[in-house]
Amino acid sequence: MCFGIGVWFDAKRNCIKIQSDDAGFITTVRADPSLKRGHPNLFRKLAKVLRDNGAPAPSETDG
């Protein structure tokens, strides 16, 4: 099964949000591994995708 997702940076909460187009969920990814939704590797990779596409994103040093 494939479905589309939306990804954006929430600067106020310093997290990256991921929303499915049709599976009905929103989740977050944070840089801090001690947090419940902390996943530094995924955070960095998604941040790069956002930066590469000209979208608001955390800096390369965040996370």
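**Exercise 1. In the hairpin of E1 and E2, find the residue that takes a positive phi, and say how many residues lie between the strands.**

Step 1: Keep in mind that we're working with a predicted model. The hairpin has 4 residues between its two strands.
Step 2: Scan the phi angles there, and Asn14 turns up with a positive value near 50 degrees.
Step 3: Now check how the strands run. E1 (residues 5-10) and E2 pair in the antiparallel sense, over 6 bridges.
Step 4: For one spot in that pairing, look at Gly6, which stands opposite Gln19 in E2.

**Exercise 2. Work out which residues make up the largest nonpolar core, and which element gives the most to it.**

Step 1: Collect the members. You should get 9 residues: Phe9, Ile16, Ile18, Val29, Ala31, Phe43, Leu46, Ala47 and Leu50.
Step 2: Sort them by element. E2 and helix H1 (40-52) are the ones that give two or more residues.
Step 3: H1 comes out on top, with 4 residues.
Step 4: Zoom in on Ile18. Skipping its neighbours within four places in sequence, its contacts are Ile5, Gly6, Val7, Phe25, Ile26, Thr27, Val29 and Leu46.

**Exercise 3. Decide why Phe25 counts as partly exposed, and which nonpolar surface patch it helps form.**

Step 1: Locate Phe25: it's in the loop between strand E2 (15-20) and strand E3 (26-29).
Step 2: Its relative accessibility is 33%. Buried means under 20% and exposed means over 50%, so Phe25 counts as partly exposed.
Step 3: Phe25 forms a nonpolar patch on the surface with Phe3 and Ile5, and together they have about 260 Å² of accessible area.

Note on methods. Residues numbered from 1 in each chain as written. Predicted model: local features only at pLDDT ≥ 70, side-chain atom pairs only at ≥ 80, totals over all residues. Heavy atoms only, no water. Patch = residues over 30% accessible without salt bridge, like charges linked within 9 Å, V, L, I, M, F, W, Y side chains within 5 Å. Areas by Shrake-Rupley, 256 points an atom, 1.4 Å probe, with all protein chains shown as cover. Salt bridge = Lys/Arg side-chain N within 4 Å of Asp/Glu carboxyl O. Buried < 20%, exposed > 50% of the residue type's maximum accessible area, 1.4 Å probe, protein only. Core = buried A, V, L, I, M, F, W, Y, C linked by side-chain atoms within 4.5 Å. Contact = heavy atoms within 4.5 Å. Pairing = 2+ DSSP bridges.
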